[in-house]
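This report describes the fold and some local features of one protein. The sequence and structure come first, and the text follows.

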Amino acid sequence: MRGGALAAGAVAVALLLPLGAARLLSAAGPPLDLAGITCPTTDARVDPAGLRLSTEQQGHAATIIGVGARMDVPVRGRVIAIATALQESGLRNLDHGDRDSIGLFQQRPSQGWGTREQIMTPAYSAEQFYRGLLKIPGWQSMRVTDAAQAVQRSGFPEAYAKHEPRAVAIVAASSTGGRGGGVEQAAVTAESSGCTPVSVPVSATTSGTVRAALAQVGKPYVWGATGPDSFDCSGLIVYAWERTGWRLTVRTSQAMHGVAVPVPAGQERPGDLIFSQFGPGGPGHVMMVVRPGLAVEAPRTGLDVRTRAYDAAGEDLRFGRLPESAMHRLSAPA
């Protein structure tokens, strides 16, 4: 049953807290105290160009641009390659991915891109991407996302478009924009959103759940993972609740959205869920509220678990609170 169907007043009152139980209303403790807990993001900011690249990402960007220059690939081709790597791996040489996908471009040995060892060599994988791109008739006149999709054949063909501005900036920041150009702007500073005390009273259980989620910051995103070493977006939510003694009956962002009690934007509390990336089947992503305006999430392949600021209106976000009916009490916290 969808949370929106729960219209009875008594039921709505009972579901004001994430566990929706009267005993937790009486168990509500002091405000969630996050003082002293750091909330670092895994992104980095590169000044003055504002590229937000870590040292690792700079190195891989330089390799991709350099290989393109060596192959005499026009600048537009290098932009397409960088945009593709940003989407597929976050410019990191990943040894995992969907099925047997690996590397900067998430290429698959089973689809003829090369051996695992070859694909895990950044220069090789970049060259293979460029060779695929150069075989596409008219690629230079295509949109960046269309050219990337023609090579990658992703299940999300429009996903590359959002990386185009950043890819242009990265290529433009290469030392020559041409042969052998590496990415300059080496002054990298880590971002940190910082945690502050929250003035909304929450239950001890909810406080523990938020803390459990924050404790995973910096661990890698792996599709289908539920911890303890890696997570996908909903897997992080499942794990955080298990750490406080509750097993969810829902696993995916779509299933969580289906049972969650809707919460108006501006009235969200720590522990509430944030849903985004809506499609025909529901939301493709879920995060957890740390405090209004700050969320903890397992973003996607190439980005580690992190905290980030959110804008409910600007990002078309929807909020929900999990009811007790969506949980089972464990004999002891996991």
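In this predicted model, the buried residues of α6 (122–134) pack against α3, α4, α5 (116–119) and α7. The buried positions of α6 are P122, S125, A126, E127, Q128, F129, Y130, G132 and L133. The length of the helix can be checked against expectation: α6 has 13 residues, which at 1.5 Å a residue should span 18 Å, and the C-alpha atoms at its ends are 18 Å apart, so the two values agree.

**The nonpolar cores**

Y130 of α6 is also listed, with I64, I82 and L91, among the residues with the most contacts inside the largest nonpolar core, which has 34 residues. At least two residues of this core come from each of α3 (55–70), α4 (75–89), α6 (122–134), α7 and α8. The largest share, seven residues, is supplied by α4. A second core of 29 residues lies apart from this one and includes L214, V238, V250 and V290. Nonpolar side chains tend to be buried together in soluble globular proteins.

I64 shows how one core residue is surrounded. Neighbours within four places in sequence aside, I64 is in contact with A81, I82, A85, L91, L104, F105, A126 and Y130. Of these contacts, A126 and Y130 are buried residues of α6.

**A buried histidine**

H163 sits in the loop between α7 (144–152) and α8 (164–172). Is H163 buried or exposed? Its relative accessible area is 8%, and because buried means under 20%, H163 counts as buried. The side chain of H163 makes a polar contact of 2.9 Å with the side chain of Q87. Beyond four places in sequence, the residues in contact with H163 are A83, L86, Q87 and R300.

**Strands β8, β9 and β10**

Strand β9 (residues 294–297) starts at L294, a residue that is buried at 2% relative accessible area. Burial extends to both faces of β9, with L294 and V296 on one side and A295 and E297 on the other.

Which strands pair with β9? Strand β8 (residues 282–291) runs antiparallel to β9 and is joined to it by three bridges. Strand β10 (residues 306–309) also pairs with β9 in the antiparallel sense, over four bridges. V296 has a bridge partner in each of these strands: M288 is paired with V296 of β9, and V296 is paired with T307 of β10. Two residues separate the strands in the hairpin of β8 and β9, where G293 has a positive phi near 95°. L294 and R308 are 14 residues apart in sequence, while their C-alpha atoms are 5.7 Å apart in space.

**Backbone exceptions**

Most residues other than glycine have a negative phi, and most peptide bonds are trans. The table gives three places in this model that depart from that pattern.

| Site | Backbone feature | Location |
|---|---|---|
| D72 | positive phi of about 60° | loop between α3 and α4 |
| D316 | positive phi near 55° | loop between β10 and β11 (318–321) |
| G227 and P228 | cis peptide bond, omega about 5° | P228 in the loop between α9 (204–214) and α10 (233–242) |

D72 and D316 fall into separate accessibility classes. The relative accessibility of D72 is 52%, so this residue counts as exposed. D316, at 46%, counts as partly exposed, because the exposed class requires over 50%.

**The protein as a whole**

The protein has 11 helices and 12 strands. Of its 334 residues, 50% are buried. The exposed surface is about 14500 Å², and carbon and sulfur atoms supply 54% of that area. Among contacts between residues at least 6 apart in sequence, 64% join residues at least 24 apart.

How values were computed
Residues numbered from 1 in each chain as written. Predicted model: local features only at pLDDT ≥ 70, side-chain atom pairs only at ≥ 80, totals over all residues. Heavy atoms only, no water. Buried < 20%, exposed > 50% of the residue type's maximum accessible area, 1.4 Å probe, protein only. Polar contact = N/O pair within 3.5 Å; in protein donor to acceptor, adjacent residues only side chain to side chain. Contact = heavy atoms within 4.5 Å. Core = buried A, V, L, I, M, F, W, Y, C linked by side-chain atoms within 4.5 Å. Areas by Shrake-Rupley, 256 points an atom, 1.4 Å probe, with all protein chains shown as cover. Expected span 1.5 Å × (residues − 1). Pairing = 2+ DSSP bridges.
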